[in-house]
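Trainee: I have not seen this structure before. Could you take me through the reasoning behind its description?

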There are 2 protein chains.
Amino acid sequence: MADDLFKALADPTRRTILDELTEKSGQTLFEICSRLSMKHRLGISRQAVSQHLAVLEGAGLVETRREGRYKFHDLNTAPLRRIAERWPVPDPSGTEESTS
Amino acid sequence: MADDLFKALADPTRRTILDELTEKSGQTLFEICSRLSMKHRLGISRQAVSQHLAVLEGAGLVETRREGRYKFHDLNTAPLRRIAERWPVPDPSGTEESTS
DNA sequence: TTGATAGGCAAGTGACTACTTGCCTATGGT
DNA sequence: ACCATAGGCAAGTAGTCACTTGCCTATCAA
């Protein structure tokens, strides 16, 4: 459903996770955890990150593959295409402000 | 900020409102209310729609103009561009972009 | 085997949020 | 003046959500 996609994007921590996976795809849970606490100063438990990843996977934004005791997380931005399809975005005549 | 944008998109009723404004921009509050109940069978109060429109306006997705006792609501999809800018979306299934 | 690492499951809690209810202001028509 | 229309403000409520806590399973190395 479209609902899962937008609900997944609604949380700032999940968007940061997507940013991290954009920078380096195929990270494990612990790798994402340490990056969130190091780079983004996010004091967050492993379980919380795991739950966020489950939501992202439910939205189709993250795909996982298991190898031994490791589980790698890959980014999939394809579902985002439906947003631009649903509400057509005009050409960038004047670029807007930057992201946060 | 970016948070307002994604929070605004997180609600299905607000996304339906965006759909309605995509179809016909410049609607008043009552016009949107009646369309939601007619076309989409949404039993929702006027105040609820008003609050949704305030959230959408806070996200920059809706702009308003007053004329007398009427307040018209216009769609602005420009903020959506930042989503595709933040997480690049691949081209759909092998359609390479050759500038013909 | 033991121990350490990588991850999962489930219940509980606090905060947020969508919606309602009730009352108020402003504009336009008669 | 009157009254209906168009919209706004604020408090209360029920449901959802992010996060924690605690315990469990699976894989690998010694």
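**Two copies and a DNA strand**

Mentor: This is a predicted model. A turn of 180° with a shift of 0.0 Å along the axis lays chain A on chain B with an RMSD of 0.1 Å.

Trainee: What kind of axis relates the two copies?

Mentor: The two copies are thus related as by a two-fold rotation axis. In chain A, the residue that comes closest to the rotation axis is A:A10, with its C-alpha at 2.9 Å.

Trainee: How do you know that the same surface serves both copies?

Mentor: Of the contact residues of chain A, 79% recur in chain B.

Trainee: Which residues are closest to DNA strand C?

Mentor: The closest are A:F30, A:R46, A:K71, B:S45 and B:H52, out of 23 residues that surround the strand. Sugar and phosphate make up 65% of the strand's atoms that come within 4 Å of the protein.

Trainee: What makes the pair between A:S50 and DNA strand C a polar contact?

Mentor: The cut-off is 3.5 Å between N or O atoms. A polar side-chain atom of A:S50 is 3.4 Å from a phosphate oxygen of DNA strand C, so the pair counts as a polar contact. A:F30 uses a polar backbone atom, 3.1 Å from a phosphate oxygen. For A:R69, a polar side-chain atom lies 3.2 Å from a base oxygen of the strand.

Trainee: Which elements give two or more residues to the surface near DNA strand C?

Mentor: Chain A provides α3 (29–38), α4 (46–58) and β2 (70–75), and chain B provides α2 (12–23) and α4 (46–58). By class, that surface has 11 polar, eight charged and four nonpolar residues.

Notes:
Residues numbered from 1 in each chain as written. Chains lettered and ligands numbered in written order. Predicted model: local features only at pLDDT ≥ 70, side-chain atom pairs only at ≥ 80, totals over all residues. Heavy atoms only, no water. Near = heavy atom within 4 Å. Polar contact = N/O pair within 3.5 Å; in protein donor to acceptor, adjacent residues only side chain to side chain. Helix = DSSP H or I, 4+ residues; strand = E, 2+ residues; numbered from the N terminus. Nonpolar A, V, L, I, M, F, W, Y, C, P; charged D, E, K, R; others polar. Least-squares fit on C-alpha atoms with pLDDT ≥ 70 in both. Contact = heavy atoms within 4.5 Å.
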